[in-house]
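Trainee: Could you take me through one part of this model closely? I would like to see how its helices pack against each other.

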Amino acid sequence: MKGILLEILLCIKSQESKETYSAMREDELGLVLHKTLIGRRHLIIMDDMWSIEAWELVKFFFPDNNNGSRIIVTTRLRIVASQLTDSRGIEMSFLDDDQSWNLLCRNVFGEQGCPNLELEEIGKKIAKSCKGLPLSIVVIGGLLAKSERTREYWEYVLENISSIVNLEDNERCLRILNMSYDHLSVHLKPCFLYLGSVFPEDDKIRVSWLIKLWVAEGFLKPKSGKSMELVAEEYLNDLIERNLVLVHTRGSTGNIKLCNIHDLLRDLCLRQAQKENFVCVTRLHGIPQIDTHRRVCIHRMDNEEYTPQLMTNSAFQSPSLTRSLIIDYKEVLPSLKTRLLRVLKSNDRALYYGEISSVEAIFRLVNLRYLAFRVDWMSISNHLSSLHLLWNLQTLIVYGAWKTKAPPEIWKMHQLRHIEFIMLDLPDPEMDGRDRNGIIVLENLQTLLQVRNFKCGEEVVKRIPNIKKLQVYYENLDDLSCYCLNILCRLEKLESLGCLFAPEEKPIIRSYLLQNLNFPNSLKKLSLNRTCLSWEDMSVKIGSLPLLQVLKLHTDAFKGDEWETIEGQFRNLKFLLIEGCGELRYWRTESSHFPCLEQLFLRDLDELEEIPWGIGEIPTLETIVLKYCSDSAVFSAKEILDEQEEYGNVGLRVRVHFWDESELESLACPNFQVNID
């Protein structure tokens, strides 16, 4: 605190020397500050505060003169801003293109403005490339102000913005950026470096992948009563609160689906990662020996072509100490001899039939914790017979593998946390009596998708008590007696369920299978496709689910021309999608039947006569989207919007999509957007 008080006094009383105050105690400095400010109107800016404790200690020395004096505090941390009591906060967003150009223009030309149209054209591109970050714009502006004002030089700056901003001699920029990293706790630093290093520039990072990778890398500190995935979400939110990571896309429940990182911060991560030998990020043609690096990330450039020499690259021919490999080059996989590998992510490019040796090589990496790769509609069932040798495996993601049969040994892999296939056949568990109940329970398994003809038998349910996300697909059903969907409700941790039937499945078989379907009360998200339930089933099976927030009804999920809701259901539903339920003509409901609804999506409802009037009266409703619905439904949406705006509700937005030009385009207004697809 003494340092803060000293800086404030030296700013206010610039004629005094630092030595005058250095010998004083904190309370003496505070008293001098109070006496200096009392009775005087003042504006004090305390820039870049990192903890609320600093403010709590110094605020008592600022007198309340009741004369319009103000103290402005800036911080990078949302938690600090939220703890500043008796204050009004303003959260700064990134600058838009016009604001960015205006700031750059002032830094380069002052108040006179840009005198050259040719430079203005390039200058606007430079400003846009700074991606709204004032720090980048100011640094670039300072450089351009002191340099020659020629088209050639400005084009050079445009092509080299990141390297210019991050020059080692630019102490101000580096100091500001490094401060954000230095203030991170020990457990957050590797997570931040990983996020900013291993994903390509401008990549939209899928949060579910990121979390699984953090878990497999061992970055997380266990917390009692919380899964590692939940801890990882807390870490990510902490980085977002510190404005180091940006939210790009949120899901239907408000969860973060995609995130990204500003170029400047990514450059900081790359520099720091290299300094700490945290990860080697390179291209294959310039790769060093990887056995000196614990983590290796190899990205393919857009214009980079495969050459046969890649297969014999010496960097992959000798045993390596590398633990993590994230690579876009499927050609390298057969030559891998990194048997200590724990993380292998190579799911950006598909393996084809002629590359089956790559699959064989993958399943020889017995220490893997995280494995993600992609094949081109290839059957890999034969190679999964050695899956149980990957005894530490936590995450298994295989895209493009069609109708894969898992080996019985999968029920013995107790470390598994996430299994993701396009189509996976699960065998019945074998009884071998390893624990006191006679079964091996997969306590850690949280994700299982997509399972073909999931029987949901007693022995299966016992083994996956903590499953949170499940997707099932049914086709060509034969012996229906072994299907027990009535005990699905015993999966008491299940939060997300997707159920899909093949279009050719016989209605009588589908009806028999679903008649005893019983959903668990833990469900938060439910997606149905071709289940052909009746609308009367909605209140019996779904409407009373207490935690349901997202309901997605896809093609023929429900049959019938009328849906009438009842009071007391859908208490927490926030997102409703009805798509391809082509028989629906009449929908009768009241606003109180969907008290928390925020988003309504309707698609391919040709027969729907209108959106119920009560929908517009839902106080939480933000968005209505109609895609390829009847004209009468579109017109009713416009009437709902008009009425709500008359009542002063200007927050509702309606978006309409047509295949072709429509007379209803004339309905367009600021809150009623019309799109021709």
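Mentor: Here is a walk through some helix pairs, followed by a pocket and two backbone details.

This is a predicted model, in which local features need pLDDT of at least 70 and side-chain atom pairs count only at pLDDT 80 or more, while totals for chains, interfaces and linings use all residues. Residues are numbered from 1 along each chain as its sequence is written, and side-chain values use heavy atoms, with hydrogens and water left out.

Two packed helices are described by the angle between their axes and the distance between the axes. Axes are lines fitted to C-alpha atoms, for helices over the stretch in contact, and angles run from 0 to 180 degrees between N-to-C directions. Helices (H or I, at least four residues) and strands (E, at least two) are DSSP runs, numbered from the N terminus.

Start with helix α6 (residues 97-109) and helix α7 (residues 117-129). Their axes come within 8 Å and cross at roughly 115°. That makes α6 roughly perpendicular to α7 (angles of 65 to 115 degrees count as this, under 35 as roughly parallel, over 145 as roughly antiparallel, and the rest as oblique). The crossing of α6 and α7 is right-handed (the near helix is turned clockwise from the far one by less than a right angle; anticlockwise would be left-handed). From α6, Asp-97, Ser-100, Trp-101 and Leu-104 take part in the contact (heavy atoms within 4.5 Å). Their partners in α7 include Glu-120, Gly-123 and Ile-126. The contact of α6 with α7 has four nonpolar, two polar and four charged residues. Here Ala, Val, Leu, Ile, Met, Phe, Trp, Tyr, Cys and Pro count as nonpolar, Asp, Glu, Lys and Arg as charged, and the others, Gly among them, as polar.

Now follow α7 to helix α9 (residues 151-159). These two pack at an angle of about 10°, with their axes 9 Å apart. α7 and α9 are therefore roughly parallel to each other. Among the residues in contact are Leu-119, Ile-122 and Gly-123 of α7, and Trp-154 and Leu-158 of α9. By class, there are six nonpolar, two polar and four charged residues.

Next come helix α13 (residues 207-217) and helix α14 (residues 228-241). Their axes come within 9 Å and cross at roughly 115°. They are therefore roughly perpendicular. The crossing of α13 and α14 is right-handed. Val-207, Leu-210, Ile-211, Trp-214 and Val-215 in α13 meet residues of α14, including Met-228, Tyr-235 and Leu-239. This contact has ten nonpolar, no polar and two charged residues.

Last, the backbone. Most residues other than glycine have a negative phi, and most peptide bonds are trans. A cis peptide bond joins Leu-449 and Gln-450, with omega about -15°. Gln-450 lies in strand β14 (residues 447-452). Asp-556 has a positive phi, near 55°. Asp-556 sits in the loop between β19 (550-553) and β20 (558-559). As for the pocket, the lining of the second largest one has 17 nonpolar, 18 polar and 13 charged residues.
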